[in-house]
Amino acid sequence: MDLRFTPEENTFRAEVRAFMRERLPPAIRAKVVEGRHLVKEDLVTWQRILNARGWAVPHWPQQWGGTGWGPVELYLFRDEMQQAQAPEPLPFGTSMVGPVIIAFGNDAQKKRFLPRIANLDDWWCQGFSEPGAGSDLASLKTSAKRADGHYIVNGQKTWTTLAQYADWIFCLVRTDPAAKKQEAISFLLIDMKTPGITVRPIQTIDGGHEVNEVFFDDVKVPAENLIGQENKGWDYAKFLLGNERSGIARVGISKARIRRLKELAALEQSGGKPLIADERFRAKIAAVEVELKALEMTQLRVVAAAAAERGGNGNRPDPASSILKIKGSEIQQAITELLLEVVGPYALPDQIPHDQSERWNEPPIGPDWAGPLAPGYFNARKISIYGGSNEIQKNIIAKAILGL
Ligand SMILES: Cc1cc2nc3c(=O)[nH]c(=O)nc-3n(C[C@H](O)[C@H](O)[C@H](O)COP(=O)(O)OP(=O)(O)OC[C@H]3O[C@@H](n4cnc5c(N)ncnc54)[C@H](O)[C@@H]3O)c2cc1C
């Protein structure tokens with residue numbers, strides 16, 4: 001397996017890097033660098049800049065706005081975008097429901113939804129998890145009863161990320177109460193403006209508002225919003241979850257955060273010298289960098305294997321992506337722990353905004369870079385939970401890779 005890039009691939013990387021340097025708005029980049037909250041407008045602005053360049057949905061088929069890139073170009077593009085500290089494109093449309101519509105939707109659904117996803121005209125959210133149905137997703141209870149060309153939906157979703165901004169939600173619903181767990185689930189697209197939908201915020205440990213509960217009370221959904229066949233939604237969900245876990249290593253993001261960590265550690269004093277000169281602290285950074293290099297190599301092996309596959313586009317679910325998820329999340333969390341060491345006493349609880357997400361953007365007490373670091377540490381605890389917790393990823397590795 002050859003993990004070196006060809007001259008053409010290096011030229012491509014340089015082109016992407018130049019684009020990021022020229023077109024990523026500095027104010028948006030600064031928020032990402034400093035770990036401040038992005039608002040809806042930031043994500044929409046960046047998505048539309050990418051779309052104008054034809055790079056909004058590079059992994060989609062060209063017919064629907066994709067680029068035709070192979071796995072290596074996709075990898076390089078994502079790595080450069082992450083290292084440039086661009087916002088991560090909202091995954092719910094481009095990486096989740098979009099590919100499901102492409103693979104299993106009908107023509108009318110493709111024409112109606114795909115261009116709007118690429119341009120972020122529609123903000124999508126993911127309605128899978130419920131109270132009592134997270135890791136054991138097939139236990140979900142939200143019901144959809146068919147009557148007169150409609151489904152009547154009742155139930156509750158939870159942890160729904162950024163539902164407060166959403167125009168649409170894609171939901172797993174139970175359409176056949178008599179059938180076995182997985183065989184009774186359908187995949188339904190629901191307009192968030194439909195009467196009977198209530199969105200309630202869940203405040204997270206960092207004081208932010210990015211997840212919600214979503215309640216459905218006799219919500220009338222046109223039957224034409226069903227994806228594929230009734231009671232086959234579990235197959236589409238498995239396809240989606242496989243996509244959700246690919247590209248999850250976030251090596252580029254971790255590289256950029258380590259650069260930031262070193263910059264900040266040079267500003268702080270410890271024992272009369274900059275913290276970055278402290279040997280024990282340097283050893284901790286080095287240990288994370290070694291892990292990150294190993295993760296990058298593993299990711300490149302996954303990319304190279306996908307590229308070697310005829311017609312592979314890098315999006316076929318690979319059980320090795322579970323390894324990327326586990327190590328990627330552990331490394332991202334370890335970096336936030338080191339950042340917490342840098343921020344020191346400014347991370348004390350009474351320095352942390354804990355009541356309103358708006359306070360994230362207030363001037364912090366202490367150096368102006370210190371404010372978002374402790375909330376960032378708390379927020380990063382989520383990375384080993386969403387998209388299938390690390391314990392669930394270990395189960396997948398045990399079964400699909402080790403054959404246990
Ligand atoms: C920040 C955040 C954003 C999210 N966004 C969304 C979203 O937009 N849409 C959506 O649908 N969902 C979303 N989720 C939900 C997420 O997918 C679930 O939280 C996750 O699947 C775990 O489910 P749970 O919370 O019900 O925990 P549980 O499934 O109850 O798990 C509790 C604990 O038990 C462990 N566990 C469970 N089963 C096993 C097992 N078989 N073997 C070993 N250990 C096990 C888990 O690892 C975990 O530690 C989000 C979650 C978070 C934290």
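Mentor: Domain bounds come from an automatic or database domain assignment. This model is predicted: local features need pLDDT of at least 70, side-chain atom pairs count only at pLDDT 80 or more, and totals for chains, interfaces and linings use all residues. Residues are numbered from 1 along each chain as its sequence is written, and side-chain values use heavy atoms, with hydrogens and water left out.

Trainee: Between which domains does the ligand lie?

Mentor: The protein is divided into domain 1 (7–89), domain 2 (124–233) and domain 3 (247–401). Two of these give residues to the shell around the ligand, so the ligand lies between them: domain 2 and domain 3.

Trainee: Which helix gives the most residues to the shell around the ligand?

Mentor: Helices (H or I, at least four residues) and strands (E, at least two) are DSSP runs, numbered from the N terminus. A residue is near the ligand if one of its heavy atoms lies within 4 Å of it. Among the 17 residues around the ligand, those that come nearest are Ser135, Trp159, Thr161, Ser389 and Glu391. The most, three residues, comes from residues 390–401, which form helix H12.

Trainee: How many residues of the shell are charged?

Mentor: Asp, Glu, Lys and Arg count as charged; Ala, Val, Leu, Ile, Met, Phe, Trp, Tyr, Cys and Pro as nonpolar; and the others, Gly among them, as polar. The shell holds seven nonpolar and eight polar residues, and the number of charged ones is two.

Trainee: How much of the accessible area of the ligand does the protein cover?

Mentor: Glutamine 126 has a polar backbone atom 2.8 Å from a ligand nitrogen, and a polar side-chain atom of threonine 161 lies 2.7 Å from a nitrogen atom of the ligand. For glutamate 391, a polar side-chain atom lies 2.6 Å from a ligand oxygen. On its own the ligand has 980 Å² of accessible area (Shrake-Rupley method, 1.4 Å probe). The share covered by the protein is 65%.

Trainee: With which side chain does the side chain of lysine 157 make a polar contact?

Mentor: Lysine 157 lies in strand E3 and has a relative accessible area of 0%, so it is buried (under 20%; exposed is over 50%, partly exposed in between, protein chains only). A polar atom of its side chain lies 3.1 Å from the backbone oxygen of phenylalanine 128. A polar contact is a pair of N or O atoms within 3.5 Å; within protein, one must be able to donate a hydrogen and the other to accept it, and residues adjacent in sequence count only if both atoms are side-chain atoms. At 2.8 Å, the partner of the lysine 157 side chain is the side chain of glutamate 130.

Trainee: Is threonine 158 buried or exposed?

Mentor: Threonine 158 is in the loop between strand E3 (150–157) and strand E4 (168–174). Not counting residues up to four places away in sequence, threonine 158 touches (heavy atoms within 4.5 Å) residues including Ser129, Pro131 and Ile202. With a relative accessible area of 9%, threonine 158 is buried.

Trainee: Is glycine 68 buried or exposed?

Mentor: Glycine 68 is placed in the loop between helix H3 (40–53) and helix H4 (71–83). Beyond residues up to four places away in sequence, glycine 68 touches Pro58 and Gln62. Its relative accessible area is 52%, so glycine 68 is exposed.

Trainee: What is the phi of leucine 120?

Mentor: Leucine 120 is in the loop between helix H6 (107–118) and strand E1 (124–127). Leucine 120 is buried, with a relative accessible area of 8%. Its phi is positive in a residue other than glycine, and is near 55°.

Definitions and conventions. Buried means under 20% relative accessible area, exposed over 50%, partly exposed in between (1.4 Å probe, protein chains only).
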